[in-house]
Amino acid sequence: MIEVGARALGARRRWLGPLASEILSSYPRAPTDAPRELAAHITGCTAFSNAVEEATSRGVPITIASYPLTPPQAGAVTSALPRLDTLGDLAALLGLTPGELDWFADTGHWNRRARPGVLHHYRYEWRARPGRTPRLLEVPGTRLRALQRTLLNDLLGLIPAHPAAHGFVPGRSAVTGAARHTGAAVVISLDLTSFFASVSAQNIYGTLRRVGYPEAVAYSLTGLCTHAVPPRVIAAMPPGGDPGERAALRRALASAHLPQGAPTSPVLGNLAIRRLDARLDGWAEAAEATYTRYADDLAFSGGDALHRRADAFVRGVTRLVTAEGHTVNPHKTRVRPASVRQSVTGIVVNARPNLVRVEADRLKAIVHNCVVHGPAGQNRGAHPDFRAHLLGRISWVEQLNPQRGARLRATFARIRW
């Protein structure tokens, strides 16, 4: 290390030995894939700080004579993931030039400060919700969305989520998550406030670094999948919701976060919240309860012991969620004993996963009226493809109740389109 430092500085400085000792005491292994981290550590070392102070007092700055270049070394990337040792590898995976990669990653947040125009990577749609805090959809442009889908299919989707996560995970769904809670004495449901906006770029960067990607690659990947909203868009927030929640949402949107509308956000949300999933799973296990999560919906179930101390259990969950940087929506916390209808992500779970009766009866009436009166008058939601809309709803019923779904499909087959 002293010899390399001497070549970089053009001379052997007396402070290089103490500096090397400080670095070796902090890094048992060479941080070959973290140059920014190493540079920040060197800046804070006593030997280097004293050398800079002395050079400043003498008016003779420390100069760099040469920049030694070393070949990149691979991190501990999981074998199932593509190996990306350099930004060039990432650009090749996405079919971009290095300049294009830098533009789309937008690590300097140029889009946030730029004037409105066609070159922006996102467009924005505020969705007002009566009595609730508005929701902002951040929709990526066509080319950025295509890049994000490539990352989703070829990289991010290959990283395993926590077993408790049932949303946006192959082989799992709202049905598999709800099925874990059937026949319980009590079901407890909680909701995370502004889930995607609360997942910061720092969370995503840390997740990618833990997977094993080098610092520069993880930094660029984070830029491709996170976004900071321009002030003009935040200022246009429509009315509605609690003032505290509105202020928290404005702060979250102003910082780089997972955009609600990007195809990569659901999977990255699962990965970034894996530590919280593990802590909540452990909390539930200690109370002999079951825990699942579907996006921002948390669900717990258990026996009579959990029912008796449900309030204390919810307070513990809230503490864990807050400690991980998220917030529980107190208006959506529900404790449901077996004597009432228990539901998880809209699925009834008292005896077995089933559709809410009111929704099932409404769908049955719509399909029947389509047979009797024709489908045109039943499309009250103005769906562009009403036939596909009905088929989707029938398929959902078939997952929960195959017999009822089969009867609906038989009636659907009699509709004259």
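User: What does glutamate 125 count as, going by its relative accessibility?

Analyst: Quick heads-up: this is a predicted model, where local features need pLDDT of at least 70 and side-chain atom pairs count only at pLDDT 80 or more, while totals for chains, interfaces and linings use all residues. Residues are numbered from 1 along each chain as its sequence is written, and side-chain values use heavy atoms, with hydrogens and water left out. Buried means under 20% relative accessible area, exposed means over 50%, and partly exposed is in between (1.4 Å probe, protein chains only). Glutamate 125 has 26% relative accessibility, so it counts as partly exposed.

User: Which side chain meets glutamate 125 in a salt bridge?

Analyst: A salt bridge here is a side-chain nitrogen of Lys or Arg within 4 Å of a carboxyl oxygen of Asp or Glu. For glutamate 125, the N to O distance is 3.1 Å. The partner counts as partly exposed because its relative accessibility is 43%. That partner is arginine 127.

User: How many residues apart are glutamate 100 and arginine 143?

Analyst: These two form a salt bridge, with their closest N and O atoms 3.5 Å apart. Glutamate 100 sits in helix α6 (residues 98-105) and arginine 143 in helix α8 (residues 142-154), so the pair links distant parts of the chain. (Helices, H or I with at least four residues, and strands, E with at least two, are DSSP runs numbered from the N terminus.) The separation along the chain is 43 residues.

User: Is aspartate 277 buried or exposed?

Analyst: Its side chain meets that of arginine 293 in a salt bridge, 2.8 Å from N to O. The pair links distant parts of the chain, with arginine 293 in strand β4 (residues 290-294) and aspartate 277 in helix α16 (residues 274-286). Arginine 293 has 1% relative accessibility, so arginine 293 counts as buried. With 0% relative accessibility, aspartate 277 also counts as buried.

User: How many salt bridges does a search of the whole structure find?

Analyst: Some of them join up: Arg14, Glu54 and Arg58 are linked in a network of salt bridges. The search of the whole structure gives a total of 11.

User: Which helix gives the most to the largest nonpolar core?

Analyst: A nonpolar core is a set of buried Ala, Val, Leu, Ile, Met, Phe, Trp, Tyr and Cys residues joined through side-chain atoms within 4.5 Å. The largest one has 66 residues, and those with the most contacts inside it are Ile188, Leu224, Leu280, Leu298 and Phe300. Six residues of this core come from its top contributor, helix α18 (residues 310-323).

User: How many residues are in the second, separate core?

Analyst: You can spot this core by some of its members, including Phe386, Leu390, Val397 and Leu408. Its size is 23 residues.

User: Within what arc do the buried residues of α21 fall?

Analyst: In helix α21 (residues 402-412), the buried residues are Gly405, Leu408 and Phe412. Seen down the axis, they line one face of the helix, because the directions from the axis to their C-beta atoms fall within an arc of 60°.

User: Which helices do those buried residues of α21 pack against?

Analyst: The face turned away from the buried side carries the exposed residues Gln403 and Arg407. Contact means heavy atoms within 4.5 Å. The buried residues of α21 pack against α19 (357-373) and α20 (386-400).
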